[in-house]
Amino acid sequence: MKTPDDALSTALRSRAAGTLGAGDAGTAVTLCGWVHRRRDHGGLVFIDLRDRWGIVQCVADPERLDEAAFGVVERLRAEDVVRIEGEVVERPQGTANPDMATGAVEVRVSRCRLLAASRTPPFPVDVEKEGGEVAEDLRLKWRFLELRRPGLAANYGMRHRATLESRVYFDDLGFWEIETPMLTRRTPEGARDYLVPSRVHPGEFYALPQSPQLYKQLLMIAGFDRYFQIARCFRDEDLRADRQPEFTQIDVEMAFVEEQDVLRTIEGLYRHLFSACLGVDLGEVPRLRWEEAMRRYGSDRPDLRIPQELTEITDAFRDTGFRIFDSVVEGGGRIVALKVAAGADASRSQLDRWTELARSSGARGLVWAKRMEEGWTSSIDKFVEASRWERAGAEAGAEPGDLLLAVADEPMRALPAMGAMRVHLGHERGWLEEAAWRPLWIVDFPLFEADPRGGITPSHHPFTAPRGGLEGLEAQDPLTIEAQAYDFVLNGFELGGGSIRIHERAVQERVLELLGIGRDEAREKFGFLLEALEYGAPPHGGFAAGLDRTVMLLVGAASLREVIAFPKTTSAAALMEGAPSAADPEVLEELHLRVVAPEEAGVDESR
C-alpha cells in the first residue's frame with residue numbers, strides 16, 4: 001500500500017525525499033532529512049538527502065544561491081539534519097541512476113537550512129564508505145545510528161508489512177485481537193522465567209510471560225472462539241543467532257477445531273504473508289511425521305532445499321566383531337550414513353574437519369568409507385571387511401567415486417549429528433537450492449522426552465493433548481505417546497509451533513502427574529486452569545508463529561538482530577542503554593530484596 005504524498009506533508013516539509021519521481025519534474029518541494037553524502041564537484045555541491053522513504057540527490061549551485069545559503073551548504077557534514085527547498089528537475093541526459101528509486105530526478109536547491117548538526121559518527125552510516133565490517137558491539141552501542149542505514153531500515157518496513165498483513169488476515173477470518181497480561185505467574189514452559197518482584201506483596205514475584213498460553217486457553221473457555229495477538233514474550237535462556245530474551249510472536253487460538261483446522265489456518269497465514277510481502281507462492285506444504293523427519297534428515301526442522309537424505313546402515317554391520325559397532329547395535333543404537341557424491345577425493349584434512357563437526361554435534365566420532373573403482377576402503381579397514389561396505393553402499397545408493405560418512409551411536413545422538421553434517425555439507429558442497437522456498441509441517445511429535453536428570457519432560461509444553469486421551473496415558477509407556485502437536489518449518493527454520501490442547505481436567509491432571517507434579521502442587525500452580533476445565537471447556541488448539549524469525553527469512557537476514565530494532569547481545573546485554581544495571585539500595589529495600597554475591601550463593605560465574 002503506497003502512502004499518499006500529501007499524507008507526508010507537515011509544517012516543515014511538503015514531500016518525503018524518497019518519494020520523488022519523474023512525474024514530479026517542475027514541482028517546487030521542501031524536503032527534510034539527513035545528509036547521507038556530500039560531494040563538491042568544482043563549485044557545484046551534491047547532497048544525497050536521506051529520510052525514511054529513501055534518498056534523493058540535491059544540487060546546490062553557487063550562482064543560484066545567495067552567499068549565506070551556499071555557506072550553509074559548504075559547511076554540511078554527514079548526518080547533519082537539513083531542510084532544503086528547491087525545484088524537482090530531470091537529471092541531465094546520461095546521469096540518471098537506475099539503482100535509485102529517485103534516480104531519474106534531482107532537486108535544484110534554492111534554500112538550505114541547518115536544523116541540527118551532527119558530530120562525526122563512530123562508524124559511517126553510508127555503508128559504501130565503510131571499508132570493512134564494523135564490530136557488532138560497536139554497532140549495538142550506537143544502534144540508533146546503525147538504524148539509519150537504508151538496508152537495515154528497510155527490514156523494519158518489511159516487519160511492519162508482515163505485522164499489518166497478519167492482522168488483516170486474521171480479521172478477515174473472524175479473529176479478535178485480545179491483549180493478555182504481561183505480569184503473570186510462573187508456568188513450566190521449558191525455559192527460565194524473568195521474575196518481577198512485587199513491592200506490595202513482599203517476597204512474592206510476577207513472571208514475564210514466556211507465552212500467553214494459559215490465557216488464550218481461558219479465552220476459548222470464555223467463548224471467544226477465535227483469538228490472536230501480536231504478543232511480546234520473554235525467556236531467560238542462552239541465546240543464538242535466531243534467539244533473543246524478548247521476542248514477538250503471532251499468537252493464535254481457535255475453539256471447536258481439530259489439527260487439520262489449525263494447520264489449514266496457519267498455512268494460509270504463511271501463504272498470505274509470503275505472497276503479500278514477497279510475491280512468492282509457497283506451493284505445496286508436505287507433512288512429515290516427527291519420526292520420519294528424524295530418520296530421513298536427522299532434524300525436526302529439516303531444510304528441504306538440500307535433497308540428500310540419511311540412510312540407516314545398521315543391518316549391514318551386525319556381528320562384525322568390531323567392538324564399537326557391535327556395542328552400539330546390541331544396545332539398540334543405530335549406524336547412520338550420509339552419501340557424499342563424488343566425495344572419494346576428500347583430503348585427510350577435510351575428513352578430519354568433518355570428524356570434528358560430528359563430535360561437536362554430539363557424536364563420539366565419525367567413520368568414512370570411499371568407493372573406489374577397485375572396491376571399498378575405509379577408516380576402519382582393519383576391523384571391518386569391505387563386503388560390509390558393499391551392502392551399506394548399496395543401501396545408500398553409492399557409486400564409484402562416492403564417499404560414505406557414518407556415525408554409530410544411540411539414535412538421538414547419531415541422527416542429529418548426521419543431520420548437522422547434512423546441513424553443513426549442503427552449504428559447503430553446493431547441494432542447497434539457494435533461491436527456493438521449501439515449507440513443511442512436522443506432525444506427530446512425542447508427547448514426552450526423557451529428562452537427562454531423570455524422569456520425563458514435555459516435548460512442547462504440559463498443556464498439549466495426547467493421542468489416545470486418558471486411556472493412552474494410562475496404558476502406554478509415556479515415551480511412546482504421541483502428541484497432537486505440529487511445527488511449521490521453512491528452509492531449515494522452525495517458524496512456529498502449536499498443538500491441540502487438553503480440555504478435560506482428568507487428562508490435564510494425569511499429564512501433570514506423569515511429569516512429577518502431584519495433585520496438590522497442580523492445584524497450587526494451575527488451580528485456575530483446572531477449575532476452568534470443569535466449566536464447559538470446548539475442544540481447542542492453537543499456534544505461535546515467530547514474527548521475528550519470519551521477518552528474518554522475508555528479508556534474507558542472517559540474525560534476528562537485523563530485524564529487531566533494539567536487540568540484546570548473545571549475553572542478553574543491551575549495550576546502548578546499559579541494561580541490565582544495578583538497582584539503588586533504597587529501591588532494593590522497597591522491594592524487600594537483597595543482592596547476594598555469586599560466591600556467597602555458590603554460583604559458578606564461568607558457566
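What share of the contacts in the protein with a separation of 6 or more comes from residues 24 or more positions apart? I looked this up before anything else, and the share is 68%. I note here that the model is predicted.

**Entry: overall counts**

I took the extent next. Along the principal axes, the C-alpha atoms of the protein fill a box of roughly 95 × 75 × 55 Å. I then listed the secondary structure, which comes to 17 helices and 22 strands. The protein has 607 residues, and I find 49% of them buried.

**Entry: strands β1, β2 and β3**

I started with strand β2, residues 44–51. Of its 8 residues, 7 are buried, so the strand is largely enclosed by the rest of the structure.

I checked its partners in turn. Strand β1 (residues 28–41) runs antiparallel to β2, and 7 bridges join the two. In this pairing I find W34 opposite R50 of β2. The two strands form a hairpin with 2 residues between them. G42 sits in that turn and has a positive phi of about 60°.

On to strand β3, residues 54–60. β2 and β3 are also antiparallel, with 7 bridges between them. I looked up L49 and found V56 in β3 as its bridge partner. This pair of strands again forms a hairpin, with 2 residues between β2 and β3.

**Entry: V73**

I picked V73, which lies in helix α1 (residues 67–75). Is V73 buried or exposed? Its relative accessibility is 0%, so it counts as buried.

I then listed what V73 touches, leaving out residues up to four places away in sequence. The contacts are R38, V45, I47, A60, L65 and C112. As a distance check I took G541, which is 468 residues from V73 along the chain. The C-alpha atoms of V73 and G541 are separated by 62 Å.

**Entry: helices α4 and α15**

I looked at the packing of α4 (residues 150–172) on α15 (residues 547–555). Their axes are 10 Å apart and the angle is about 125°. That value makes α4 oblique to α15. The crossing of α4 and α15 is right-handed.

Which residues meet here? From α4 I have N155, M158, R159, A162 and T163; from α15 I have L547, D548, V551, L554 and V555. Sorted by class, the α4 contact with α15 has 6 nonpolar, 2 polar and 2 charged residues. I add a reminder on helices: there are 3.6 residues a turn in an α-helix, so residues three or four places apart point the same way.

**Entry: helix α7**

I listed the buried residues of α7 (residues 290–297): W290, A293, M294, R296 and Y297. I then asked what covers them. The cover includes strands β11 (287–289), β12 (310–312) and β17 (439–443), as well as helix α11 (411–428). Just after α7 comes G298, with a positive phi of about 70°.

**Entry: the five-stranded sheet**

β12 led me to an open sheet of 5 strands with antiparallel pairing. I wrote down the order as β12-β13-β16-β14-β15. Which strands stand at the edges? They are β12 and β15 (375–378); each has a single partner strand, so one side of each is left without a neighbour in the sheet. Ignoring direction, neighbouring strands of the sheet are turned by 25° against each other on average.

Inside the sheet I checked one pair, β13 (residues 334–340) with β16 (residues 403–409). They pair in the antiparallel sense over 7 bridges. K339 stands opposite L404 in β16. Helix α9 (residues 348–360) packs on this sheet and touches β14 (367–372) and β16. The direction of α9 makes about 30° with that of β16.

**Entry: helices α9 and α11**

I followed α9 to its contact with α11. The axes of the two helices come within 9 Å and cross at roughly 135°. That makes α9 oblique to α11. I also noted the handedness: α9 and α11 cross in the right-handed sense.

From α9, the residues R353, W354, L357 and A358 take part. They meet A417, A420, M421, H424, L425 and E428 in α11. By class I get 7 nonpolar, 1 polar and 2 charged residues for the contact of α9 with α11.

Notes
Residues are numbered from 1 along each chain as its sequence is written. This is a predicted model: local features need pLDDT of at least 70, side-chain atom pairs count only at pLDDT 80 or more; totals for chains, interfaces and linings use all residues. Side-chain values use heavy atoms; hydrogens and water are left out. Axes are lines fitted to C-alpha atoms, for helices over the stretch in contact, and angles run from 0 to 180 degrees between N-to-C directions. Helices (H or I, at least four residues) and strands (E, at least two) are DSSP runs, numbered from the N terminus. Angles under 35 degrees count as roughly parallel, over 145 as roughly antiparallel, 65 to 115 as roughly perpendicular and the rest as oblique. A crossing is left-handed if the near helix is turned anticlockwise from the far one by less than a right angle, and right-handed if clockwise. Contact means heavy atoms within 4.5 Å. Ala, Val, Leu, Ile, Met, Phe, Trp, Tyr, Cys and Pro count as nonpolar, Asp, Glu, Lys and Arg as charged, and the others, Gly among them, as polar. Buried means under 20% relative accessible area, exposed over 50%, partly exposed in between (1.4 Å probe, protein chains only). Two strands pair if DSSP finds at least two bridges between them.
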